[in-house]
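Here is a short note for a colleague opening this entry. The points are numbered for easy reference.

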Amino acid sequence: MDIKQIFRNNQDWITEKLKIDKDYFRNLSLGQNPEVLYIGCSDSRVTAEELMGAKPGEVFVHRNIGNMVANTDLSAMCIINYAVNHLKVKHIVVCGHYFCGGVKAAMQSADLGILNPWLRNIRDVYRLHRAELDAIATEEERYNRLVELNVQEQCVNVIKTSEVQKASKERNLVVHGWVFDVKSGRLTDLKIDFKHILEEIMEIYRII
Ligand code: CO
């Protein structure tokens with residue numbers, strides 16, 4: 001991609017927006033009030049706002065390799081804290097995707113340096129669900145299922161945080177698990193049972 005073209009694209013975008021609403025950017029500068037926190041993969045094909053048809057100001061976004069929510073990740077923990085306690089989002093979405101390089105790498109034996117501890121979180125998901133995954137006949141199906149189970153486990157990690165435990169008690173905050181299919185463009189709701197997971201989680205991870 002031509003870097004100079006990016007700036008020309010930006011100018012075209014400004015012109016386009018101002019044609020429809022001359023106060024568009026002035027209004028954006030007044031503040032943000034997103035109702036959704038989206039936690040997704042950094043993969044360049046999984047364009048958070050575009051795949052949801054979301055406009056600027058509508059979604060608070062956090063992306064990393066493999067859409068992970070690790071409790072030692074200061075960035076992810078700050079994002080959740082800010083989104084829940086300050087922006088008062090109503091929904092937290094963890095969105096994984098099929099053909100995820102992070103999940104694929106976690107299924108293979110390779111020394112990837114600093115990526116090792118990060119991908120180990122995905123290997124832990126495999127270990128938790130080993131019986132189900134090992135029973136799957138083909139590698140492709142096993143890979144797809146690990147993508148889904150990883151989303152589910154990252155939702156569980158979101159629910160473990162004190163911010164989410166508190167907010168789900170005090171107001172209607174819901175955690176969703178989605179998966180995006182790069183091959184079809186389709187977004188699917190995995191329909192994780194938020195209330196049930198929350199109850200189960202509270203037996204061990206109750207903070208509040
Ligand atoms: Co990915």
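1. Start with helix α7, residues 130-134. Aspartate 134 and arginine 130 are 4 residues apart in this helix, so about one helical turn separates them. The two form a salt bridge, with the closest N and O atoms 3.1 Å apart. Aspartate 134 has a relative accessibility of 41%, so the residue counts as partly exposed. Arginine 130 reaches 53% and therefore counts as exposed, the cut-off being over 50%. Side chains of opposite charge can pair when their charged atoms come close.

2. A word on the source and the overall build. The model is predicted. The protein has 10 helices and 5 strands. Its C-alpha trace spans about 60 × 45 × 30 Å along the principal axes. Of its 208 residues, 40% count as buried.

3. Now the metal. Which residues supply the protein donors of the cobalt ion? They are Cys41 through SG, His97 through NE2 and Cys100 through SG. These donors lie 2.0 to 2.3 Å from the cobalt ion. In sequence, the spacing of the donor residues reads C-x55-H-x2-C. Are histidine 97 and cysteine 100 buried or exposed? Both are buried. Keep in mind that water is not among the atoms, so the site may look incomplete.

4. Back to the charged pairs. The count of salt bridges comes to 10. One of them joins aspartate 43 to arginine 45, and here the closest N and O atoms are 2.7 Å apart. How accessible is each partner? Aspartate 43 has a relative accessible area of 14%, under the 20% cut-off, so this residue is buried. Arginine 45 stands at 42% and counts as partly exposed. The pair thus joins a buried aspartate to a partly exposed arginine.

5. Another pair belongs to a network. Aspartate 23 forms a salt bridge with lysine 22, and the closest N and O atoms are 3.6 Å apart. Aspartate 23 has a relative accessible area of 21% and is partly exposed, because the buried class ends under 20%. Lysine 22 has 66% and is exposed. Which residues make up the network of salt bridges? Lys22, Asp23 and Arg26 are linked in it.

6. Next, a charged part of the surface. Asp193, Glu199, Glu200 and Glu203 gather there in a patch of negative charge. Where does aspartate 193 lie? Aspartate 193 sits in the loop between β5 (187-189) and α10 (194-205). Its relative accessibility is 45%, so aspartate 193 counts as partly exposed.

7. Last, a nonpolar part of the surface. Met1, Ile3, Ile6 and Phe7 make a nonpolar patch of about 510 Å². Isoleucine 3 lies in helix α1, which covers residues 3-20. At 56% relative accessibility, isoleucine 3 counts as exposed, since that class begins over 50%.

8. To check these points on screen, begin at the cobalt ion with Cys41, His97 and Cys100. Then turn to the salt bridge between aspartate 43 and arginine 45, and to the linked residues Lys22, Asp23 and Arg26. Finish on the surface, with the negative patch that includes Asp193 and the nonpolar patch that includes Ile3.

Notes. Residues are numbered from 1 along each chain as its sequence is written. This is a predicted model: local features need pLDDT of at least 70, side-chain atom pairs count only at pLDDT 80 or more; totals for chains, interfaces and linings use all residues. Side-chain values use heavy atoms; hydrogens and water are left out. Donors are N, O and S atoms within 2.8 Å of the metal (3.2 Å for Na, K and Ca); water is not among the atoms, so sites may look incomplete. Buried means under 20% relative accessible area, exposed over 50%, partly exposed in between (1.4 Å probe, protein chains only). Patches are made of residues with over 30% relative accessible area and no salt bridge: like charges are joined within 9 Å, nonpolar side chains (Val, Leu, Ile, Met, Phe, Trp, Tyr) within 5 Å. Accessible areas come from the Shrake-Rupley method with a 1.4 Å probe; for residues, only the protein chains shown count as cover. A salt bridge is a side-chain nitrogen of Lys or Arg within 4 Å of a carboxyl oxygen of Asp or Glu. Lys and Arg count as positive and Asp and Glu as negative; His and the chain ends are not counted. The place of a charge is taken as NZ of Lys, CZ of Arg, CG of Asp or CD of Glu. Helices (H or I, at least four residues) and strands (E, at least two) are DSSP runs, numbered from the N terminus.
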